[in-house]
Amino acid sequence: MRALEKKLFRDFRRLWAQGLAIALVLACGVSIFLMSFGMFVALTDTRAAYYERNRFADIFAQVRRAPRSLAAEIAAIEGVRTVEVRVTGSAILDLPGKIESAVGQFISLPSGGLPRLNVPLLRSGRFPDPLATDEVVVNEPFAQANGYQPGDVIHANLNGSVRPLTITGTALTPEFIYTIGPGDMMPDNEGFGIIWMPEPSLAAAVDMGGAFNDVALTLLRGANAAEVIDALDALLDPYGAQGAHGRDLQLSNAFIDGELKQLRSMAYVLPPVFFGITVFLVNMVIGRIVALERSEIGLMKAIGYSDTEVSLHYLALSVLIATVGIIAGVGLGTWFSRGLAQLYAAFFNFPYLIFSVNAQVYIISCALGFATAALGAIRAALAAARLPPAVAMSPPAPPRYTHSLFDRFLALLSLGQPTIMILRNISRWPFRAGLTALGLALAVAVLVASAFFEDALDEMVDTSFYLANRQDAMLILSQAAPREALQEIARLPGVMQVEGAQFHGAILRNGHLEKRVAIEGRPADAELAQIVGKDKRPVPPPDNGVLLSERLAWQLDVAPGDDVTVEFLTGRRETTTVPVAGIIKSYIGLAAYMHSENLDRLMRRSERLDVANLMLDQAAEDEFHAAVKDLPGLAGTVMLGDTLEAFQETIEQNIDISTVIYVAIAVLITVGVTYNSARIQLSERARDLASLRILGFTNGEVSYILIGETAVLVLLAQPLGWVLGSALAAAMVAGFESDLYSIPLVLNRDTFAWASTVVLIASAVAALLVRRRLDRLDLIEVMKTRE
Amino acid sequence: MKDTAREPAIVFRTEGLTKVYDTGEVKVYALAGVDLELHEGELTVLLGPSGSGKSTLLNILGGLDHATEGRVWFRDIELTKMGNRALTQFRRDYVGFIFQFYNLVASLSARENVALVTDIAADPMTPEEALDIVGLGHRMDHFPAELSGGEQQRVAIARAIAKRPEVLLCDEPTGALDSKTGVQVLEALDRINTEFGTTTAVITHAAEIRKMAHRVIRFQDGRIGSVEVNETRLRPQDIEW
């Protein structure tokens with residue numbers, strides 16, 4: 001090893017504490033980048049491969065009932081490659097040994113074998129005999145959650161008759177990677193299953209002989225999706241079409257899109273914060289070393305080392321620090337990725353393992369890490385290269401302190417000399433002081449942006465469950481029923497109160513802006529399911545017009561009083577214009593509400609309902625569930641208590657994990673910044689401080705000067721951190737927002753206090769570590785050394 | 001007429017060498033038109049008060065600094081025409097420096113400090129040989145903090161000579177040492193000058209040291225005041241200051 005390399009490694013060893021503090025900050029950035037970008041790529045690739053292999057469709061449409069002969073016409077649409085028509089339906093399942101009912105989503109299997117599109121992948125057992133009337137394949141997660149094996153029997157209430165169905169196998173499908181039942185907020189594999197049934201028997205059961213109610217198709221390369229959708233809508237229109245759509249509105253696909261969007265915004269937002277702090281810290285430390293080694297730099301040049309060799313020497317020091325950070329970051333990132341992959345395995349149903357962050361992502365992560373450290377060191381390294389050897393050999397001129405307005409201001413305050421030293425040092429290096437405060441502010445911001453999440457979800461739960469959806473259960477009817485159905489439901493055991501609601505698929509338009517939504521109709525006297533206004537007060541459905549959620553109104557660019565065009569996809573599929581009656585709050589989906597009577601009037605029909613909202617007597621819940629299993633015409637049930645419980649359980653788990661991670665991150669940033677800044681000050685001012693000690697100042701008084709500056713900067717960082725944290729939280733809210741759900745920006749005083757407490761404690765610990773060094777300072781030695 | 005056959009070759013030659021430090025407020029003439037020759041194999045002592053331009057001259061001769069005006073030649077090569085890269089190469093190939101404050105790298109042992117040079121020189125001796133020459137063969141693995149001032153300076157000398165330089169430029173090599181240790185350092189310099197014929201220039205405040213030189217050049221206000229040739233030289237151990 002060459003002597004210069006030995007010097008490098010010895011310098012590195014001497015600086016281990018500072019280097020480690022920086023390396024850990026860098027490790028955070030590398031690991032989060034590796035995880036978010038790596039999982040983004042892995043999830044994208046895995047999904048694409050699955051879609052490709054199992055021929056996931058491009059366009060989807062549902063109709064009430066269309067003749068099978070229409071399939072040929074659909075196939076003839078220009079740009080269509082393959083068409084698959086099928087029968088689907090939703091039914092209440094009676095599972096052996098379970099009190100509560102479950103919901104089954106039935107999908108037909110063509111008689112000739114497997115479907116051409118959305119091909120289910122058999123995981124165990126066999127597909128049903130095409131001629132059998134009681135054989136089905138269920139989706140694997142449903143079978144696993146309920147412990148079913150091929151041969152087990154479940155019951156389904158299909159069109160009013162309860163039939164036993166034998167499970168012959170389990171399967172997975174690209175249509176339900178994210179398997180969420182109607183009205184649910186989270187996947188519930190125990191209570192919602194996908195059930196494949198041979199077409200003849202399913203068609204007979206749901207009265208679809210010679211007909212289909214669901215169509216999927218793929219496009220030829222270069223085909224215009226919008227044109228195909230229009231042509232398909234035109235063909236299906238006479239048969240009760242609900243509007244064809246692309247993958248973007250396919251629920252499972254949209255959820256994965258949402259997850260991908262989150263991963264991407266995570267990769268864009270968080271790592272740059274850490275890389276920025278690393279650049280700053282490396283810059284500070286290497287800059288200091290170059291200043292300290294001024295004469296050694298002169299010497300190296302005097303004996304013939306070139307400018308490039310000298311600057312590379314200091315760059316190499318930053319690369320060594322980066323190497324430690326990258327090794328830690330890659331390890332941590334791999335571990336994070338595994339954790340996330342496990343989470344995905346629980347929520348997403350893929351036939352293969354997702355976890356495979358590819359080599360390219362690793363290479364990019366490492367390259368970013370090295371580039372960050374090099375960027376931080378480049379200024380100091382160039383300064384070392386530029387330092388003329390003759391100048392380098394002579395001691396540096398003392399830093400120029402001048403009397404400024406600030407000094408006059410200080411004089412007015414009649415402060416002690418130590419305090420003046422602190423304040424003057426900050427004003428002497430305002431840029432560095434500013435960056436130190438900014439680094440600490442970012443630590444506060446990271447904590448604010450993570451802690452706000454819990455409050456935001458509380459707010460979501462409060463609004464969605466305790467204000468808006470106060471019903472205990474929802475019964476989803478398979479077909480719109482007359483008002484009299486409510487009386488029948490009210491007679492079910494345990495039902496204390498019942499209200500009807502209706503849902504209409506519709507396209508809302510304002511000029512060229514349009515959005516597909518479900519308009520919900522509510523009676524004026526609804527108490528269980530209420531519409532919540534922006535002030536969190538219940539808003540009655542308007543006599544005339546539509547209430548829109550904030551996001552929907554923003555997307556359509558409308559305000560109360562403006563008109564929107566409503567194209568109903570149900571009933572007579574008529575188009576009408578209604579005024580926007582108001583803007584309301586909703587965190588789940590794109591909500592649009594109208595008065596039930598108003599809707600019935602527009603539909604020119606008598607009062608109808610699609611959903612019954614119930615309040616239940618908890619003592620009679622078992623009887624209620626038993627009765628529901630035999631109720632005809634039911635497409636599904638939602639127990640809101642269960643939904644809430646599942647939601648909170650999942651959220652709490654995730655919040656606990658992420659809180660630990662974010663606190664660790666904030667502590668690393670704080671310690672990294674505080675320790676380095678105090679350590680560098682100690683190095684710069686060792687002589688001053690030693691002189692003071694010799695003059696008779698106590699250790700405490702001297703460390704006041706050293707720690708005082710850090711303390712001032714830490715305090716200045718707090719309000720800045722709150723502001724940055726609020727901005728970061730707002731950015732995260734925007735990053736997470738989708739048409740499926742949005743997170744409210746809730747920032748409480750507690751959140752700010754918590755963030756500041758963590759950062760203050762961490763910086764105090766770091767400052768005390770440096771103080772210990774100050775206490776051990778050898779006064780004589782310091783005074784003897786020549787800078 | 002001089003007898004050119006006996007006249008030694010010229011190693012350094014300057015012509016109207018001027019160096020001005022412009023601080024913005026005042027212009028300081030560190031060198032104000034210096035014409036000088038240094039001869040092969042000679043040990044030259046440069047005397048003069050602080051600020052008389054000795055160190056500036058040495059820095060320019062060694063390629064550490066640029067002249068404001070005038071020209072400098074090393075043998076036939078004109079240094080004043082060279083860029084930084086060429087000057088680095090010049091230092092690497094021909095020049096050994098010794099400074100008042102030793103300038104050892106604290107994190108490297110004596111042997112490693114010397115290796116710093118032998119790593120990049122074309123035809124160096126081993127660090128061990130160089131340290132033996134200055135009498136420090138037995139302390140090779142000590143770090144600078146474990147060596148006395150005189151020993152540190154001798155390590156610096158070993159480091160300077162390890163590359164077998166053509167010229168040795170010493171700026172106050174004994175400035176930080178007491179007279180007794182200073183003599184050891186001077187002995188090492190004298191030995192190298194005698195045994196290897198290395199052209200040596202020594203800046204000093206201690207006028208007595210002039211007695212060991214072949215030639216003595218006195219500086220005053222950035223100019224050469226006088227040049228004298230010693231007919232008889234004293235050995236370092238006979239000098240006291």
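**Exercise 1. Find the order and the edges of the four-stranded open sheet of chain A.**

Solution. The open sheet of four strands in chain A has the order 2-10-1-11, and its pairing is antiparallel. Strands here are DSSP runs of E with at least two residues, helices are runs of H or I with at least four, and both are numbered from the N terminus. Two strands pair if DSSP finds at least two bridges between them. Now the edges. Strand 2 (80–86) and strand 11 (245–246) of chain A each pair on one side only. Next, take one pair. Strand 1 (residues 59–67) and strand 11 of chain A are antiparallel, with two bridges. Ile59(A) has Gly246(A) of strand 11 as its bridge partner.

The model is predicted: local features need pLDDT of at least 70, side-chain atom pairs count only at pLDDT 80 or more, and totals for chains, interfaces and linings use all residues. Residues are numbered from 1 along each chain as its sequence is written, while chains are lettered from A and ligands numbered from 1 in the order in which they are written.

**Exercise 2. Describe how helix 14 of chain A meets helix 20 of chain A.**

Solution. Two packed helices are described by the angle between their axes and the distance between the axes. Start with both values. The axes of helix 14 (residues 430–468) and helix 20 (residues 699–736) of chain A come within 6 Å and cross at roughly 45°. Axes are lines fitted to C-alpha atoms, for helices over the stretch in contact; angles run from 0 to 180 degrees between N-to-C directions. That crossing makes helix 14 of chain A oblique to helix 20 of chain A. (Under 35 degrees is roughly parallel, over 145 roughly antiparallel, 65 to 115 roughly perpendicular, the rest oblique.) Then the hand. Helix 14 of chain A passes helix 20 of chain A in a right-handed crossing (the near helix is turned clockwise from the far one by less than a right angle).

**Exercise 3. Work out the strand order and edges of the six-stranded sheet of chain B.**

Solution. The open sheet of chain B runs 6-7-8-3-9-10, with mixed pairing. Strand 6 (95–98) and strand 10 (223–229) of chain B are at the edges; each has a single partner strand, so one side of each lacks a neighbour in the sheet. From one strand to the next, the twist averages 15°. Strand 9 (residues 215–220) of chain B runs antiparallel to strand 10 of chain B, joined by six bridges. Opposite Phe219(B) stands Ile224(B) in strand 10 of chain B.
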